[in-house]
Amino acid sequence: MASRVGRCLLTALTAVLGSLALAGPAHAQDPEYRSARVSDVRGDLTVRADDEDEPSFIERNAVVRDGDTLWTSRDGRAELELERGAWIRMAEDTKLEVRQLPPSADLRLWTGSLYVDVPERMQTPIRVQTPVGDVEVRPNSVVRIDLSEDDAARVSCYGGGAAVMADREVRERLGPGERMYLDADRRNAEIIRFDRNEVKDGFDQYQRDRTQYYIERPLPRDLEYDLLGARDLNDYGSWVVVDNTRYWRPRCEPDWRPYSTGYWSYGPGFGYSWIDYQPWGYTTCHYGRWLWRPTFGWLWAPGRVWGPSWVYWSSWG
């Protein structure tokens, strides 16, 4: 299996950085294009796009798009950050197909376990298909879905509500603290109560840890809108005002410059996308612009439009 890093163009972009203040996108985002961010990885995470033959290893800040299928390793876990503060968390040995990203989110769980965490501002549910039925997780809800080796499913509602469709024409509704088991013959669709405060395994603890992580890192008050990855900004920089405009300034070494620590990943339909190694790098490389100001150094100006990168290509010699 190849590493996506190994199949990408690695560069420090020294030829480009001098013009970053005036740079435009390598490819601007098409209004129909949607993306998600790999916001946490434990162990190995692999991905295969629907237009690729072989899977590749990916890391934090990788871009996930419609049609991607992801796998966690036997000791792995992963978290996907979706728009408007929604998260999908994958347990070990989990295979997930991202059929469509929000606003009409449609996922397919092939093996393993998921936590689906949907905020109220999402407005539309996230649908998860399984071999024995579909689950719609409503806004302002947290639901765990587990598949066994014989394709039986367990759906547990920890908050909010979900609709479970064991039969395509019948919807069973789950509320907080309610659980349903589904099997291949679809005859075991009985709702039971469970203790939603109990931590049963490591995946439950992972969910709690990641939830607490974001509780302690709300969106920066200096942002007017929600951006993927923006909750990591305040840990690694500060906001400054220059010429009556508010910018974010990273805490970094004096010789640091944007697009210098990471790699390029090619994606059909939008070209090369920059994958930054810095925890905060997804936000600053896919939204807004970088510019240099004397005394302050490199500053990031927020922007709402997603792009694979916001630099111009140049070459010489």
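**View 1. Residues 25–32 form a stretch in which pLDDT (the predictor's confidence in each residue, from 0 to 100) stays under 50.** For this stretch the predicted model has 14 contacts (heavy atoms within 4.5 Å) beyond four places in sequence. Over residues 5–23 pLDDT likewise stays under 50, with 49 such contacts. Where pLDDT is low, the predicted coordinates should not be read in detail. The protein chain has a mean pLDDT of 87, and 85% of its residues reach 70 or more.

**View 2. Arg 144 and Asp 204 form a salt bridge (a side-chain nitrogen of Lys or Arg within 4 Å of a carboxyl oxygen of Asp or Glu).** Their closest N and O atoms are 2.7 Å apart. Arg 144 belongs to strand S14 (residues 141–147) and Asp 204 to helix H1 (residues 202–215), 60 residues apart; helices (H or I, at least four residues) and strands (E, at least two) are DSSP runs, numbered from the N terminus. Both residues are buried (under 20% relative accessible area; exposed is over 50%, partly exposed in between; 1.4 Å probe, protein chains only).

**View 3. Arg 246 and Asp 222 meet in a salt bridge at 2.1 Å, N to O.** Because Arg 246 lies in strand S21 (residues 245–250) and Asp 222 in the loop between H1 and strand S20 (237–242), the pair ties together parts 24 residues apart in sequence. Arg 246 is partly exposed at 41% relative accessibility, as is Asp 222 at 27%.

**Notes.** Residues are numbered from 1 along each chain as its sequence is written. In this predicted model, local features need pLDDT of at least 70, side-chain atom pairs count only at pLDDT 80 or more, and totals for chains, interfaces and linings use all residues, while side-chain values use heavy atoms, leaving out hydrogens and water.
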